[in-house]
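Me: Could you take a close look at how the helices pack in this model, and set that packing beside the sheet and the charged pairs? I would like one connected account, with the cut-offs behind each term.

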Amino acid sequence: MKDETPKELNSDQEIERLIDEVMSSTLTDDQYRKKMQRRKEVQDLRIAQAVPEKGLIIVNTGNGKGKTTAALGMVLRSLGHGYKVAIVQFIKGSWEPSEKRVFSYWEDQLEFHAMGEGFTWETQDRDRDLDKANAAWEKSLEYIRNPDFHLVLLDEINIALKMAYLQVDEVLAGLAQKPADKHVILTGRGAPAALIEQADLVTEMTLVKHPFRDQGVKAQPGIEY
């Protein structure tokens with residue numbers, strides 16, 4: 001089998017093409033090995049041409065579960081590397097989050113602020129929700145601007161934006177003030193288009209099935225909180 005790669009294919013397309021081809025049961029061992037060698041060449045070239053470091057704006061959004069959980073995985077990696085991290089939780093805060101207790105082991109590296117008062121249908125006080133969201137944003141700006149913090153997690157800030165407790169232009173202007181090597185993660189469903197456009201990494205969690213919606217199962221410790 002002759003391995004001809006159209007010149008117009010970019011590296012992503014070529015890798016996808018190679019993956020499709022190596023799944024063929026008609027390849028000989030030698031053909032399979034050559035395909036994988038070519039894939040390694042393409043991947044090595046991509047890595048060699050990549051920018052070594054860049055502070056990222058990361059958005060985890062969508063109706064599915066796992067937005068905060070994925071962000072906390074990045075928090076753990078940063079702590080493991082010895083970096084300083086700040087977490088500011090919007091909306092949440094009326095209960096003591098289990099994550100805060102776990103992260104207390106890294107008190108010298110991490111600062112954690114749960115600054116909301118719970119879900120909007122629980123508080124039922126828009127003015128107070130506005131005040132809390134703006135206080136959380138002011139605290140967030142302190143960490144965004146502070147070069148000592150390598151990663152800042154703004155948990156559920158997208159909800160505050162969706163509810164118009166914060167203005168997207170104001171948040172984008174604040175993100176523009178971060179040092180070049182700082183990473184900022186913004187979580188919550190309903191991320192505005194302008195934020196998605198500005199972000200470097202965007203992941204949308206898709207809801208397929210949910211135990212509360214589909215089976216009436218309440219939030220459980222270790223899963224939801």
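Reply: The account below begins with one helix pair and goes on to a second pair and the sheet. This is a predicted model, in which local features need pLDDT of at least 70, side-chain atom pairs count only at pLDDT 80 or more, and totals for chains, interfaces and linings use all residues. Residues are numbered from 1 along each chain as its sequence is written, and side-chain values use heavy atoms, with hydrogens and water left out.

Helices (DSSP runs of H or I, at least four residues) and strands (runs of E, at least two) are numbered from the N terminus. The axes of helix α1 (residues 11–22) and helix α2 (residues 29–49) come within 10 Å and cross at roughly 160°, where axes are lines fitted to C-alpha atoms, for helices over the stretch in contact, and angles run from 0 to 180 degrees between N-to-C directions. That angle makes α1 roughly antiparallel to α2, a term for angles over 145 degrees, just as roughly parallel stands for those under 35, roughly perpendicular for 65 to 115 and oblique for the rest. Residues in contact (heavy atoms within 4.5 Å) include Ile15, Leu18 and Val22 of α1 and Tyr32, Met36 and Val42 of α2. By class, this contact has seven nonpolar, two polar and eight charged residues, where Ala, Val, Leu, Ile, Met, Phe, Trp, Tyr, Cys and Pro count as nonpolar, Asp, Glu, Lys and Arg as charged, and the others, Gly among them, as polar.

Within α2 itself, Lys34 forms a salt bridge with Asp30, with the closest N and O atoms 3.4 Å apart; the term requires a side-chain nitrogen of Lys or Arg within 4 Å of a carboxyl oxygen of Asp or Glu. These two residues are four apart in α2, about one turn of the helix, and a search of the whole structure finds seven salt bridges.

Helix α6 (residues 126–145) and helix α8 (residues 168–175) pack at about 20° with their axes 10 Å apart, and are therefore roughly parallel to each other. Here Trp137, Leu141 and Ile144 in α6 meet Glu170, Val171, Gly174 and Leu175 in α8, a contact of five nonpolar, one polar and one charged residues.

Turning to the sheet, six strands form an open sheet in the order β3-β2-β4-β5-β1-β6 with parallel pairing, two strands being paired if DSSP finds at least two bridges between them. Strands β3 (110–114) and β6 (201–204) stand at the edges, each with a single partner strand, so one side of each has no neighbour in the sheet. Strand β1 (residues 57–61) pairs with β6 over four bridges, and Asn60 stands opposite Thr203 in β6.
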